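This report describes how helices and strands pack in one model. It takes the helix pairs before the sheet.

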Amino acid sequence: MRYLTLTLSLFLNSSSQAAPAPVNRLDSRLKPPATIERPRGVTIEQLRAQISASAEAAPRQQFINIGPMKDGRKLSITAEVKDSSSSAVYITPVGQDISIITMGRKLTLESVFLIDATIICAHFRKEVCGRLESYFDLVRSSRSLTDIPFLEQAFPELRAEASSSREDSALYYASLQAGIGSLVFMATWHEVGHAALHNLDDDTSDIQTEIEQEGEADGFASYMAKLSNIPTAGLAAAFLLDTVEEHLRGKTPVVHPPARCRAAMMATQTVQWLQQNEPAATLPSGNKERDNLVNGIYSQLSSSNVLVGLNPDGVRACKRYVLSFSSGVAKGISLIDQNTKLDSVVSGQR
C-alpha cells in the first residue's frame, strides 16, 4: 500500500542549500533541508544566527499537484514563503483548481521560540510549563524577531533548565524541526483543504459559513496528517499564540473558531477518536450514529476544561467547530486516500 507523503521545505535554512529531490508522495517523515550545523550543545546565539540567516534567505516555492482525486479533479498548488514581517497564511485562486498559498516567513521563524520553550517544558514540567502562557504572550507582543527573547532571557532563573534541554544537539534539533514541520504541515494543508472542499471563487459574506469552512479545513488537514503518519498532537502548535491571546485579552476571533477549541482537537485524543470511527464520521449530519460520535467528542473536550472561561457564544462556537471539523474529515475521506497521486517539487529542482 502506497502512503501519501509530502516533503515540506521548512524554509529554516539558507538559500544556498540544495532543495530536496522531487517526490511523488506525501512525506510522513517531514524531512526538512538539513543545513543547521549540529555542535554538541546548542546556544541561543547559534539559534539567533540561524534565524537571522533564514529571514534574509531568498524566497522559495514548492509546486504541489494532487490527483486525480476521487471526484476526478486535480489540484495544482504553488506554496511560497515570503515577507519576514508577516505571519499570515492565505490561499488565492488563480484558475480552475489552481491556487497559490502564501505563508509569511515570520510564522516559521517565530515558531522556533515557541517550540524551543515547549521542548524545555517537556524536560522540566514543574519548573517551566507554568511560565509558558506568559512567555507566549511576550512572543506575540514583540514587534520584531530581533525583539523576541528566548525563554531564559525572559526568565533568567530558567537558564540551567534551558541549557540542559539543548545539551543533546541531535535530539534537540530533531524535536525543533519536528515541531516546526507540524506547524507548517497544518498551515499548508488547512489551505489545501479550502481548495479541495470549498469554492474559492465564492467570496461569501456569511460569517457563519466562513467559520464552518475553517473547521472543515482543519478536519481535512488532520485527515491528511493521518494518511502521512504524522501525530496530530503536534498540529496544535499552529494555534498556540492565538489561544494565549484569546485567553489573556478576551479576544474572540470573528471568522475563525476559538483557537483553544482548535488546539484541543489536535492535542487531545479527540482527533484519534474521530479517525478511528471514520465510518461514523462519513455518515450524513442528523444520523444517530454520527451525532453520537460528535456529541462524544464534544463531551471529551468539555471534560478537558477547554470550555472553562468561555462565554456562551464561545461554548456554542466550540460545539459547531466539532461538527464542521468532523465534516472536513468525512469530506477528505471522500476525496483522497493512500492511492491518490501527489507530486511535489521545490523550486530549483523542476
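The model is predicted. Helix H2 (residues 105-123) and helix H4 (residues 132-141) have axes that come within 10 Å and cross at roughly 170°. Angles over 145 degrees count as roughly antiparallel, and H2 and H4 are therefore roughly antiparallel to each other. On the H2 side the contact is made by Glu110, Phe113, Leu114, Ala117, Thr118 and Cys121, and on the H4 side by Leu132, Tyr135, Phe136 and Val139. By class, these residues are eight nonpolar, one polar and one charged.

A second pair is formed by helix H10 (residues 259-267) and helix H14 (residues 312-335), whose axes come within 10 Å and cross at roughly 50°. H10 and H14 are therefore oblique to each other, and their crossing is right-handed. H10 contributes Cys261, Arg262, Met265 and Met266 to the contact, while H14 contributes Cys318, Tyr321, Val322 and Phe325. Seven of these residues are nonpolar, none is polar and one is charged.

The sheet comes next. Five strands make up an open sheet of mixed pairing, in the order S3-S4-S2-S1-S5. Strand S3 (89-95) and strand S5 (342-346) are the edge strands, each pairing on one side only. From one strand to the next, the twist averages 20°. Strand S1 (residues 60-66) and strand S2 (residues 75-82) run antiparallel and are joined by seven bridges; Ile64 stands opposite Ile77 in S2.

Two helices lie across strands of this sheet, as tabulated here.

| Helix | Strands crossed | Angle to S4 |
|---|---|---|
| H2 | S2, S3 and S4 (98-104) | about 40° |
| H7 (residues 169-197) | S1, S2, S3, S4 and S5 | about 150° |

Definitions and conventions
Residues numbered from 1 in each chain as written. Predicted model: local features only at pLDDT ≥ 70, side-chain atom pairs only at ≥ 80, totals over all residues. Heavy atoms only, no water. Axes fitted to C-alpha atoms, helices over the stretch in contact; angles between N-to-C directions. Helix = DSSP H or I, 4+ residues; strand = E, 2+ residues; numbered from the N terminus. Parallel < 35°, antiparallel > 145°, perpendicular 65-115°, else oblique. Contact = heavy atoms within 4.5 Å. Nonpolar A, V, L, I, M, F, W, Y, C, P; charged D, E, K, R; others polar. Left-handed = near helix turned anticlockwise from the far one by under 90°. Pairing = 2+ DSSP bridges.
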